[in-house]
Amino acid sequence: MVTIKASHTVVPNQPTPKGRLWLSNSDQTARPAHTPNLYIYKAKHNIIEYDIEKMIDSLSIILVYYYPVAGRLSVTESGRMEVDCNAKGVTLIEAETVKTIDDFGDFTPSESVKEELVPVIDYHSQPIEEIPLVFVQVTRFKGDKEQQQGLAIAVAVSHPVADGSAWIHFINTWAKVNRGDMLGLNDMPFIDRTILKSSSSLSSLSPPPSPRFDHPELQPLPFILGRSDSTEEQKKKTTAAMLKLTSEQVEMLRKKVNENENLSTKQGSRSRSRSRPCSRFEAVAAHIWRCACKARKLDRNQPTLVRFNADFRSRLTRPLPRNYFGNALAATVTPESYAGEITSRPLSYAARKLREAVEMLKEEYITSQLEVVLGEEQLESIKALFSRQGERRNSPFAGNPNLQITSWISIPLYEADFGWGKPEHFVLGYVCPFDRGIIIRGPENDGSVIVIMYFQIAHMQLFKKFFYEDVFTSRL
């Protein structure tokens with residue numbers, strides 16, 4: 001049981017710019033909700049001494065630089081979202097739980113973790129224009145002389161305002177100020193989204209141009225054979241698991257993929273050029289995909305795809321600033337494959353499909369996607385969401401027989417040191433309602449990874465069995 005001790009509204013500690021912040025098409029198509037990032041800190045000497053007033057003060061300092069974060073979402077007449085930079089502030093909650101830090105194990109996402117440690121956001125009884133863009137909950141765990149005390153910090157952030165990379169930079173910068181470090185130029189956010197206006201709609205009133213590519217990522221995904229929709233699969237409950245791969249296990253996967261890829265290149269067409277070595281993401285994602293197909297026991301003729309987003313900050317001819325604060329995500333999807341091919345052929349086959357999806361994301365393709373992704377239907381659904389006359393249209397259901405995979409390998413998740421050391425655990429504080437894998441780097445930054453895996457309850461045990469057994473099989 002958790003007890004709320006106090007709730008604070010934190011505003012910038014200096015006057016900040018007012019007005020409306022234009023949001024790009026990448027922002028417009030983000031999931032219209034908050035993403036709860038959960039950090040767990042274990043006391044080094046039985047207790048964590050933290051000063052809630054200091055945390056409030058440091059947050060108010062950061063809000064001066066990240067002034068849109070203290071604002072609210074609003075909607076234009078045409079249906080585009082924007083941020084009203086009104087300095088109304090963010091919410092910080094103090095809480096205590098009767099549970100110990102050990103009661104939560106490895107903090108695998110669950111309803112218990114969500115109910116105890118993640119701030120509750122009321123989307124139903126108040127207008128979206130009044131909901132803060134950030135909610136923080138600081139929860140102290142129960143402890144005594146025999147048990148270490150600890151602290152949980154949940155930071156729930158609005159996805160239409162920025163992507164994971166940008167929000168983690170915000171959190172790490174707040175932690176830096178709280179522990180007393182000086183900020184540098186690299187800590188300052190680049191807020192102006194109009195840098196993307198040339199690659200998204202120049203006018204909110206203009207219809208989207210004709211697509212320059214087929215854009216399969218915007219098309220419906222395959223259904224289970226014999227079905228005409230995904231309704232039955234969407235009703236099935238999911239659960240979560242934290243699956244760790246050591247740096248040695250990751251390298252085993254990469255080595256096997258690269259060896260098989262080189263062999264198939266030699267045996268294939270002479271005109272086929274040798275491709276680059278596979279990345280950690282491609283090797284691990286291919287492994288997840290194959291284990292999912294095996295655990296689901298799909299018909300070998302079942303079409304299956306992997307859908308994922310890629311950060312395009314560095315993929316443009318004129319790259320976005322690394323500290324660009326906004327969404328910079330392009331969606332992509334693997335070429336259509338069949339479950340029998342994914343499970344019976346070497347792992348390099350699945351990895352090659354993922355690589356083909358990654359390599360589609362050149363600048364012309366990204367700009368085309370941003371131009372066509374926000375059509376009249378999407379704008380109408382945004383307006384309906386704000387007027388509470390409907391629900392926002394989401395991305396296509398990416399569950400069985402397909403899969404959504406997210407890579408946060410390059411994001412420094414464990415740098416949020418508020419003055420009492422780096423977090424022992426990082427997780428997302430919710431259970432995803434469809435099959436999804438999120439790949440994050442290990443806490444030691446030694447090449448290991450953790451897969452936060454959301455999967456249908458009926459198939460999770462088999463998935464975990466294949467996940468570890470198949471790393472060591474001779475024919476990957």
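R179 is partly exposed at a relative accessible area of 30%, where partly exposed lies between buried (under 20% relative accessible area) and exposed (over 50%), with a 1.4 Å probe and protein chains only. The structure is a predicted model, in which local features need pLDDT of at least 70, side-chain atom pairs count only at pLDDT 80 or more, and totals for chains, interfaces and linings use all residues. Residues are numbered from 1 along each chain as its sequence is written, and side-chain values use heavy atoms, with hydrogens and water left out. The topics below are the salt bridges, the two domains, helix α10, and two single residues.

**Salt bridges**

- The whole structure holds 21 salt bridges, each defined as a side-chain nitrogen of Lys or Arg within 4 Å of a carboxyl oxygen of Asp or Glu.
- Side chains of opposite charge can pair when their charged atoms come close.
- R179 forms one of these salt bridges with D181, at 2.9 Å from N to O.
- D181 is partly exposed, with a relative accessible area of 35%.
- E371 and R212 form a salt bridge at 3.0 Å, N to O.
- This pair links distant parts of the chain, 159 residues apart, with E371 in helix α10 and R212 in the loop between α4 and α5 (231-234).
- Helices (H or I, at least four residues) and strands (E, at least two) are DSSP runs, numbered from the N terminus.
- E371 counts as buried at 18% relative accessibility, while R212 counts as partly exposed at 40%.
- The side chains of E282 and R355 meet at 3.6 Å, N to O, in another salt bridge.
- E282 belongs to helix α7 (residues 280-296) and R355 to helix α9 (residues 347-359), so the salt bridge ties together parts that are 73 residues apart in sequence.
- E282 is buried at a relative accessible area of 1%, and R355 is buried at 5%.
- A network of salt bridges links R227, E232, E233 and K236.

**Domains and their interface**

- The domain assignment gives domain 1 (2-200) and domain 2 (236-264 + 275-472), with bounds that come from an automatic or database domain assignment.
- The contact takes 79 residues from domain 1 and 52 residues from domain 2, contact meaning heavy atoms within 4.5 Å.
- Taken over C-alpha atoms, the centres of domain 1 and domain 2 are 24 Å apart.
- Domain 1 and domain 2 bury about 5,500 Å² between them, with 64% of it on carbon and sulfur atoms.
- That buried area is the accessible area (1.4 Å probe) that two parts lose on being put together, summed over both.
- Two salt bridges are counted between domain 1 and domain 2.
- R313 and D163 meet through their side chains in a salt bridge at 3.0 Å, N to O.
- Between domain 1 and domain 2, 23 residue pairs are in polar contact, both residues at pLDDT 80 or more.
- A polar contact is a pair of N or O atoms within 3.5 Å; within protein, one must be able to donate a hydrogen and the other to accept it, and residues adjacent in sequence count only if both atoms are side-chain atoms.
- On the side of domain 1 that touches domain 2, the elements that each supply at least two residues are α1 (25-28), β3 (34-42), β4 (72-75), α3 (111-117), β8 (150-158) and α4 (164-178).
- The most residues on this side of domain 1, 12, come from α4.
- By class, this side of domain 1 has 40 nonpolar, 24 polar and 15 charged residues.
- Ala, Val, Leu, Ile, Met, Phe, Trp, Tyr, Cys and Pro count as nonpolar, Asp, Glu, Lys and Arg as charged, and the others, Gly among them, as polar.

**Helix α10**

- Eight of the 10 residues of helix α10 (residues 363-372) are buried, so α10 is largely enclosed by the rest of the structure.
- These buried residues are Y365, I366, T367, S368, Q369, L370, E371 and V372.
- The buried residues of α10 pack against α1 and β12 (329-333).

**Single residues**

- Q28, in helix α1, is buried with a relative accessible area of 0%.
- The Q28 side chain reaches the backbone oxygen of L23 at 3.2 Å.
- F472 is found in the segment after α12 (457-469) and counts as exposed at 53% relative accessibility.
- Not counting residues up to four places away in sequence, F472 touches Q249 and M252.
- The C-alpha atoms of F472 and Q249 are separated by 8.4 Å, with the two residues 223 residues apart along the chain.
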